[in-house]
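Visitor: I have a structure to read. Can you guide me through a few of its features?

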Protein chains: 2
Amino acid sequence: MRVIGIDPGLTRCGIGIVDGTVGKPPRLVAVGVVRTPAALDVARRLVALEEGLVGWFDEYQPEAVAIERVFAQHNLNSVMDTAQAAGVAALTAARRGLPVAFHTPSEVKAAVTGSGSADKAQVTLMVTRILKLTEAPRPADAADALAIAVTHVWRGSGTNRYAAAVAAAKGKR
Amino acid sequence: MRVIGIDPGLTRCGIGIVDGTVGKPPRLVAVGVVRTPAALDVARRLVALEEGLVGWFDEYQPEAVAIERVFAQHNLNSVMDTAQAAGVAALTAARRGLPVAFHTPSEVKAAVTGSGSADKAQVTLMVTRILKLTEAPRPADAADALAIAVTHVWRGSGTNRYAAAVAAAKGKR
């Protein structure tokens with residue numbers, strides 16, 4: 001399964017794409033960021049973000065989309081911009097018929113580092129190791145996006161295993 | 001100038017369209033809501049919202065778009081959904097090349113009622129009077145959307161008058 005992880009934002013929207021299946025280590029496909037010009041107003045930046053995301057979706061054809069869930073505990077203005085960016089990411093994915101999941105920052109940190117309160121450096125370090133990269137992905141938003149995609153592969157395969165067990169049990173009745 | 005006011009939301013996204021020019025009372029063009037099914041996940045609801053909005057834009061061809069700015073002081077989950085809906089509204093507008101403005105709830109209340117802390121009933125009452133309607137627009141989200149559009153006409157014409165005065169003063173030098 002090819003998963004695109006998205007760390008939403010207007011200044012830098014992190015993109016991390018991995019291939020992953022149950023019982024195999026996830027593999028890096030691509031990583032980067034979509035930037036939108038700060039000189040534009042928010043609405044135009046959302047259009048630029050959409051165009052950037054469509055480019056990534058077209059090129060890499062992900063089968064599932066995982067977006068970091070935005071919380072309101074930080075700077076209020078930037079959180080609203082980030083939530084709007086997350087909305088555009090979800091829209092872009094759902095319009096293509098792709099399944100969209102949201103994972104919280106603490107779910108992502110816990111999945112890749114074992115601790116829901118890990119810092120950015122620890123997340124980057126663990127992503128680098130998990131994907132067997134020779135150097136850390138830059139910038140941090142790109143590493144976060146990879147962590148989101150890895151989390152989704154791991155959580156998704158858990159769900160699939162459960163669904164498979166349920167289906168198997170039903171088949172036996 | 002034809003303005004579409006949008007009160008963003010997933011359950012009910014208020015839509016209010018008015019025609020307004022400097023020195024004339026604004027006139028109601030259309031009012032309603034876009035609803036998206038609660039049974040769908042957020043990403044699919046955003047797609048349904050986009051489709052609904054495109055329908056309103058296509059039918060009424062607004063020249064300017066005014067969206068209520070979302071604040072994070074209320075229920076955090078619903079605020080994030082609302083911010084994502086606002087992002088999709090801004091995207092839909094900007095993709096058509098339309099100017100997009102955000103007005104805060106208190107700016108809207110102050111513009112139509114004279115008080116930034118007016119309640120929903122007062123906003124609805126004043127919108128009904130300003131637009132000379134025979135009955136109050138329903139539901140409240142639709143009345144709010146009209147209030148946003150009226151606010152934009154009034155603020156917009158204020159800006160235009162100022163810009164015109166500056167231009168005239170420059171012309172005299």
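Guide: We will take symmetry, then an annotated site, then the core. This is a predicted model, where local features need pLDDT of at least 70, side-chain atom pairs count only at pLDDT 80 or more, and totals for chains, interfaces and linings use all residues. Residues are numbered from 1 along each chain as its sequence is written, chains are lettered from A and ligands numbered from 1 in written order, and side-chain values use heavy atoms, leaving out hydrogens and water.

Visitor: What turn lays chain A on chain B?

Guide: Two copies of a chain are related by a rotation about an axis and a shift along it. Here the turn is 180°, the shift along the axis is 0.0 Å and the RMSD is 0.0 Å (least squares on C-alpha atoms of residues with pLDDT of at least 70 in both copies). The two copies are thus related as by a two-fold rotation axis.

Visitor: Which residues does the "binding site" annotation cover?

Guide: The unreviewed UniProt entry gives Asp7(A) and Asp141(A). Such annotations may be inferred rather than shown by experiment. The two are spread over 135 residues of sequence, yet the largest C-alpha distance is 6.3 Å.

Visitor: Is Asp7(A) buried or exposed?

Guide: Buried means under 20% relative accessible area, exposed over 50%, partly exposed in between (1.4 Å probe, protein chains only). Asp7(A) is buried, at 9%. Asp141(A) is buried too, at 14%.

Visitor: Which residues touch the most other members of the largest nonpolar core?

Guide: A nonpolar core joins buried Ala, Val, Leu, Ile, Met, Phe, Trp, Tyr and Cys residues through side-chain atoms within 4.5 Å. In this core of 64 residues, they are Ile6(A) and Ile6(B).
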